[in-house]
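Me: I am new to this structure and would like a close look at a single part of it. Please pick one helix, say which side of it faces inward, and then work outward from there.

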Amino acid sequence: PHWSRIGRLKKSRYPRQSSRGGLSLVDFGIGSGRLMVDTQVSAKELVRENTYTLTYLSKVRLGEYRQELQSADVELAYSTGQNLIKLMDHTERDGDLTVTLMDKLQVVPLTKQLTTICGNLWSRSLRSARAER
């Protein structure tokens, strides 16, 4: 009933799926009223690297090691409570790495300046709507 708590706008109905077929939170409007940053797309615009995975960017740009998890590892994590806690720690670490990478690349201040200059919506600039800039 209250699925829209993530966003700032209270919605009574779940939005329809986008015509593109993608299942993005932004496309569904779940984050309505919130600023969301696509760190991978922003990294593609701001730095030149061979690959833009979180593992590679955290190693090269932050100097921190990140362990990759396969889908089979995620399934095994639900077998015991100890493994589930490890999965939760890994997920929390991924979020921390993403925020640190976003801060290191200075995505938020840069998009704010570009938005101010161009007169667009800041939420669109954060989602890398380059055509509007």
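Reply: Contact here means that heavy atoms lie within 4.5 Å. With that cut-off in hand, the part to look at is helix α2, in what is a predicted model.

Some setting helps before the detail. The protein has 7 helices and 0 strands, so its elements, read from the N terminus by DSSP runs, follow the order α-α-α-α-α-α-α. Of the 133 residues in the protein, 26% are buried. Among contacts with a separation of 6 or more, 44% join residues 24 or more positions apart.

Helix α2 covers residues 39-46, and Thr39, Ser42 and Ala43 are buried in it. These residues are on the same side of α2, because the arc they cover around the axis is only 100 degrees. The spacing fits a general rule: an α-helix has 3.6 residues a turn, so residues three or four places apart point the same way. The cover over the buried residues of α2 includes α3 (54-62), α5 (81-105), α6 (107-118) and α7 (122-126).

Moving on from the helix, the loop between α2 and α3 holds Glu49. Glu49 counts as buried because its relative accessible area is 18%, and the cut-off for buried is under 20%. Apart from neighbours within four places in sequence, Glu49 touches Tyr56, Leu57, Val60 and Arg61. With Arg61 there is also a polar contact between the two side chains, at 2.8 Å.

Two of the covering helices, α5 and α6, are joined by a loop that contains Gln106. Gln106 has a phi near 55 degrees, which is a positive value in a residue other than glycine.

Helix α6 also contains Thr116. Unlike the buried residues of α2, Thr116 is exposed, with a relative accessible area of 55%. A polar atom of the Thr116 side chain lies 2.8 Å from the backbone oxygen of Lys112. The charged end of Lys112, for its part, sits over the ring of Trp122, at 4.9 Å from the centre of that ring. As for rings paired with rings, a search of the whole structure finds 0 aromatic pairs.

Last comes the outside of the protein. The accessible surface is about 9600 Å², and carbon and sulfur atoms account for 52% of it.

Conventions:
Residues numbered from 1 in each chain as written. Predicted model: local features only at pLDDT ≥ 70, side-chain atom pairs only at ≥ 80, totals over all residues. Heavy atoms only, no water. Buried < 20%, exposed > 50% of the residue type's maximum accessible area, 1.4 Å probe, protein only. Helix = DSSP H or I, 4+ residues; strand = E, 2+ residues; numbered from the N terminus. Arc of directions from axis to C-beta. Phe/Tyr/Trp six-rings, centres within 6.5 Å; stacked < 30°, edge-to-face > 60°. Lys NZ or Arg CZ within 6 Å of the ring centre and 35° of its normal. Polar contact = N/O pair within 3.5 Å; in protein donor to acceptor, adjacent residues only side chain to side chain. Areas by Shrake-Rupley, 256 points an atom, 1.4 Å probe, with all protein chains shown as cover.
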